[in-house]
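Q: Can we go through this one together? I have the sequence and the model open and want the main points.

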Amino acid sequence: MKRVKMKKVTFLLLGLLVAVIGCKKCPPPIKNEVKDLASLTITYKPMFDANPLTTRAFGNINMHNEDILVSNWGIIMSAVSLIKEDNTKLKLGDGYMYVNLASSDPSFTFTNIPEGNYKGIAYNIGVDSLANHADPVVWGPTHPLNINFNSQHWGWAGGYIFHTIEGKYKPSGSTSESGFSYHTAKDPLLSSHEYILDFTLSNNAPKIATIEADANKFFSNELSFTNQSTNHSGSSEDMRLMSLWVNNMKQVFTLKSVN
Amino acid sequence: MALSLSQCRKSEPIYSSSSVSFKPTPIVSTSIFPRALGIPDLPKDNPLTEEGVYLGRLLFYDKLLSANMTISCASCHLQKNAFAEPKKTSTGIFGLPVKRNASALFNMAYSRKFFWDGRQSRLANLVFEPIQAHNEMGLNLPELDDRLKKSELYQNWFKKAFNADPNIGQMSMAMEQFLLTLVSSNSRFDKAGPSLTGLSSSEKAGFTLFQTLTNLQGGQNQGADCFHCHGGILFQAQNPLAGGITNNGLDASFTDLGAGAITGNSTDNGTFKSPSLRNISLTGPYMHDGRFQSLNEVIDHYSDNIDFSSPNISPNLANHVSGPGGPPEQMRLTVTQKQDLLNFLQTLTDSTFISNPKYSNPF
């Protein structure tokens, strides 16, 4: 009994000490924590040039005169963060997000974000090497990294598909339809993205950040589905072309507004 | 009726006592769901209990659930066939035809899309479909409620499972519980592990084919490219957009619109759920309409007979081209490759699943 009491007293004292020291740097104590938390939905608008991307019909024509129908456009993101005014980053939730731009609702909501002014949004497309090679069975049923939920885990080959885009296309001047399937995977193809735009989050006004995704910006002289319709980040030539594709992602995604 | 129902049941759980006090025994999720399959997507409002599962099992095997008491769920879902049915398409009450092939039932705790067209997302809702369908069990719900309430067996088990009188709401919850416990992950392939220890060289070659991309650009193609839609530990893509519900080139025009009839989108016409390939050698005939009797016919389809004019064919089949911008072509597996693929598919059979006494007829 005595021992327990002693321990309690020591802890109390220690706690007090820590509290006193800690408070020197702290802002005044938070009175109502719930009041200071905001929510932010990140939503994607799939586009093709100035027009909405059609996911159920052809009619998206790129620089190679290929007519494209996108039926699956899934992205796993990590280290999803807000850029604070002091340029440090605030990770949202556990930092993971999955959206599918071919779905009816390509958006993801984070809650419990501290109120304040922010300078932008940052994330990686893909997961870091550690998460990519860790035991994948630990994630909850609807977590972005769950092995079954979004079908972006490679299975026995291990690792995640960071970015997948699939659909059909008609080569220039042709009416015959072929499939395309681009799977970005493997550690070197992790890419980081930052979108700078000032916004303020407050608890009484959930906000929506709209990121436009212009699929037409993936293409370049070397990148066409006629040239390569399937790329699963396999051979060294695949990896070379896929890293061009990943570079183009920077132009594909633009943060348009937060309101 | 009451008499037939209160017959001695082989496999009543030992924890059941004659008293009807309310002490359901919770089931620890890890005791049923193996780690390797990932964390299951269990409904939060229907915790699994031994009593709930047993009640669900009684209901699954009980012909009381059909209008003329001739058919149970188990009439079309046979344990020896991994709860599929060895018939092209099913026959329901009064010999009435059902248009589709009966699905195998296992690993549903990892899924949110049920039926060939993915139209149901919750098992507790799904069970009302076959019960009420005029060509399956043909029973209306008030009559079912009445039958359950009059049954001593169900009075007893509803008390144990839910501390309630029999009612159709909790009936569906109990059935959901039983269905969720049907887990299969003990095939030779699973035992072999990632190093494929103990598999023959042909089976290993079949696995390589299964998960290698088709490449028709010079030389013999070395990939059958099955993993896109049947990949992962469940051997089934879960995400509908990523091969979970798609078209595998069976027909140029559709008599059964599949998911298109549910969504109303013409781009979903002729798309169906990609079934799990676990236990596949037990679940024939194959495809939504049971058109293929054997796995050899299925393999021939993918190798030589894909109909690329099928309007909504998956990009992951339509990308099999032999040159830049070319039209899609058959993958043309060799006789040996076909045999290897078949041998591999047969390693996915889980014989403990079909003999597990926890899933068998309790009557």
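Q: Quick one to start. What does the accessible surface of chain B come to?
A: About 15,000 Å², with carbon and sulfur atoms holding 55% of that area. Areas are Shrake-Rupley values with a 1.4 Å probe, and for residues only the protein chains shown count as cover.

Q: Before we go on, what kind of model is this?
A: This is a predicted model: local features need pLDDT of at least 70, side-chain atom pairs count only at pLDDT 80 or more, and totals for chains, interfaces and linings use all residues. Residues are numbered from 1 along each chain as its sequence is written, chains are lettered from A and ligands numbered from 1 in the order written, and side-chain values use heavy atoms, with hydrogens and water left out.

Q: And chain A, how much surface does it expose?
A: About 12,900 Å². Carbon and sulfur atoms supply 58% of that.

Q: How many helices and strands in chain A?
A: Chain A has 3 helices and 14 strands. Both are DSSP runs numbered from the N terminus: helices are H or I with at least four residues, strands are E with at least two.

Q: What about chain B, how many of each?
A: Chain B has 17 helices and 2 strands.

Q: What share of each chain is buried?
A: In chain A, 47% of the 259 residues. In chain B, 57% of the 363 residues. Buried means under 20% relative accessible area, exposed means over 50%, and partly exposed is in between (1.4 Å probe, protein chains only).

Q: What about contacts far along the sequence in chain A?
A: Take contacts between residues at least 6 apart in sequence. In chain A, 73% of those join residues at least 24 apart. A contact means heavy atoms within 4.5 Å.

Q: And in chain B?
A: There, 67% of the contacts with a separation of 6 or more are between residues 24 or more positions apart.

Q: What does the radius of gyration say about chain B?
A: Chain B has 22 Å, which agrees with the value near 21 Å for a compact globule of 363 residues. The radius is taken over C-alpha atoms, and the globule rule is 2.2 Å times the number of residues to the power 0.38.

Q: What does the C-alpha trace of chain B span?
A: About 75 × 45 × 30 Å along its principal axes.

Q: Switching to backbone oddities. Where is the peptide bond that is cis?
A: From Gly284(B) to Pro285(B), with omega near -10°. Pro285(B) sits in the loop between strand 2 (272–273) and helix 14 (295–304) of chain B.

Q: Which residue in that loop has a positive phi without being a glycine?
A: Met287(B), with phi of about 80°. Met287(B) lies in the loop between strand 2 and helix 14 of chain B.

Q: Is Met287(B) buried or exposed?
A: Met287(B) counts as buried, at 13% relative accessibility.

Q: And what is phi for Phe115(B)?
A: Near 80°, again positive in a residue other than glycine. Phe115(B) is in the loop between helix 4 (73–76) and helix 5 (123–126) of chain B.

Q: On to charges. How many salt bridges over all chains?
A: The search finds 27. A salt bridge is a side-chain nitrogen of Lys or Arg within 4 Å of a carboxyl oxygen of Asp or Glu.

Q: What does Lys89(A) meet in a salt bridge?
A: Glu194(A), at 3.3 Å from N to O. Lys89(A) is in strand 5 (residues 89–91) and Glu194(A) in strand 11 (residues 191–201) of chain A, so the pair ties together parts 105 residues apart in sequence. Lys89(A) is partly exposed at 47%, and Glu194(A) is partly exposed at 49%.

Q: Which residue does Asp190(B) bridge to?
A: Arg278(B), with the closest N and O atoms 2.7 Å apart. Asp190(B) is in helix 10 of chain B and Arg278(B) in the loop between strand 2 and helix 14, 88 residues apart.

Q: Is Arg278(B) buried or exposed?
A: Arg278(B) is buried, with a relative accessible area of 1%. Asp190(B) is partly exposed, at 23%.

Q: Last one: which residues are linked in a network of salt bridges?
A: Lys99(B), Arg100(B), Asp117(B), Arg119(B), Glu129(B) and Asp256(B).
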